[in-house]
Number of protein chains: 2
Amino acid sequence: MGNERSMINKNSHTSQSMKAVCLLSGGLDSCVTACIAKNAGYELYALTFDYGQRNSREIKSSFSVASAIGVHEHRIVKLDLSWIGGSALTDVSIDMPERGSAEEIVYNKSIPISYVPMRNTVFLSVGGAYAEAIGADVVFIGANEVDYSHYPDCRSEYFDAVRRVFHMGSKRGVEGAPVGIVTPLIAMSKAEIVRRGMELDAPLDLTWSCYSGGSIACGRCDSCLLRLKGFHEAGAEDPLDYESGKV
Amino acid sequence: MGNERSMINKNSHTSQSMKAVCLLSGGLDSCVTACIAKNAGYELYALTFDYGQRNSREIKSSFSVASAIGVHEHRIVKLDLSWIGGSALTDVSIDMPERGSAEEIVYNKSIPISYVPMRNTVFLSVGGAYAEAIGADVVFIGANEVDYSHYPDCRSEYFDAVRRVFHMGSKRGVEGAPVGIVTPLIAMSKAEIVRRGMELDAPLDLTWSCYSGGSIACGRCDSCLLRLKGFHEAGAEDPLDYESGKV
């Protein structure tokens, strides 16, 4: 079993189910994505990456979220990307930016310092390999390009390119049934994601979004600001506590 | 530094060099590929994956090959794929096929049991991330589709699809200078690869191709049969010893 751990919930298994791999970071978006997949009738195989991210609290949250949702299997894949460097998410020597407001993030069109080189490509590759091996039809990923479209690997046309790789570069693809990639949040605003999560009774209280790695969400990093904006616009209260208060 | 180890050869560094990441398995093809890259003037950043393959002897060979060629940096990335299963390369409970001759392999058009789900996609993703972070222009990979074209992730059209992902899903791509993928062996026969390696004084005696994981190359697995055929057709003698003799 090497570097990954797994949790298998034997009770949730039915041999007739459609299987889906679901990338589960422990954050808000992947939690809602997993609930959407579950609600669509899929048996879930959750995949969480321990890649040397500074907010390792996210990984702990992924366990609680996976358990609350009732996934069939949850695997933690250890793949250190911190040696690759170049990102504030994996390198504590790079300051995490703090901006005044969520609007500042939305309207700033440059690629942020939290960009991890080709991260989604690495995650989708492993997710696709896992899906092919277990006979899952699809990989779910909670990317969205509305509120925070500056990550190049969160855009629709990027996912289309990866779909083609899955088609061209796998046994399943050659056989005419490539593993698909489903991005249910791609066109949603953060407020719509929060609302959809609440409709589905997603365990939003167990998720963790803060980039900064403290024991309480900072409320000032890009991820906290966008999350708070989402709850605010959805007319809901974020169940998490924030160092900054819920501004 | 986590799970990977690195070897840095400070002497080979010049700040003006063009950098290339080179996927280095320890086998014949990746050795010749690295020599081609070196010969083209690149400063090499070699990447070897410890993915739970049964022939871990290959990884040891990658150290000797990297050292003999004179790479600037050599990293071993630990990413266990054996839990994904489904391949004779990572699962010792699956028998490695033994066929009568190399011709039988070349003319059998089915995808072999040694296929590892989406392996090259996983390797190229990490290689691309590394290249983007260090400012390398390209990733070299020693795939070829002539003698052994049944792996879907060794075909030209597959690499074109990954090039598009590098273009669409990375900061470098958005900025108009995506990391490229170079496949210098893609259209060569095994005999041509052996000849090109000999022309470049590639350390072919240090490479390891056998799939089966023994201390001497078996001479019967697909990889040994194709290698022996290559040397034979190149009119050269393979420097390795074989359990089966050099038939």
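This section describes the confidence, the fold and the chain arrangement of a predicted model.

The model scores ipTM 0.87 and pTM 0.88. For chain A, the mean pLDDT is 86, with 81% of the residues at 70 or more. Within chain A, residues 10–14 form a stretch where the pLDDT is below 50; beyond near neighbours in sequence, this stretch makes four contacts in the model. Where pLDDT is low, the predicted coordinates should not be read in detail.

The secondary structure of chain A consists of eight helices and six strands. Read from the N terminus, these elements follow the order β-β-α-β-α-β-α-α-β-α-α-β-α-α. The chain thus opens with two strands, and two helices stand at the end of the series. Chain A has 247 residues, of which 55% count as buried. As regards the contacts in chain A between residues at least 6 apart in sequence, 75% join residues at least 24 apart.

The relation between chains A and B was examined by superposition. A turn of 180°, with a shift of 0.0 Å along the axis, lays chain B on chain A with an RMSD of 0.0 Å. This is the relation of a two-fold axis. At the interface, 100% of the interface residues of chain B are also interface residues in chain A, and the copies therefore meet through the same surface.

Note on methods:
Residues numbered from 1 in each chain as written. Chains lettered and ligands numbered in written order. Predicted model: local features only at pLDDT ≥ 70, side-chain atom pairs only at ≥ 80, totals over all residues. Least-squares fit on C-alpha atoms with pLDDT ≥ 70 in both. Contact = placed C-beta atoms within 7 Å. Helix = DSSP H or I, 4+ residues; strand = E, 2+ residues; numbered from the N terminus. Buried ≥ 20, exposed ≤ 12 C-beta atoms within 10 Å, placed from the backbone. pLDDT = per-residue confidence, 0-100.
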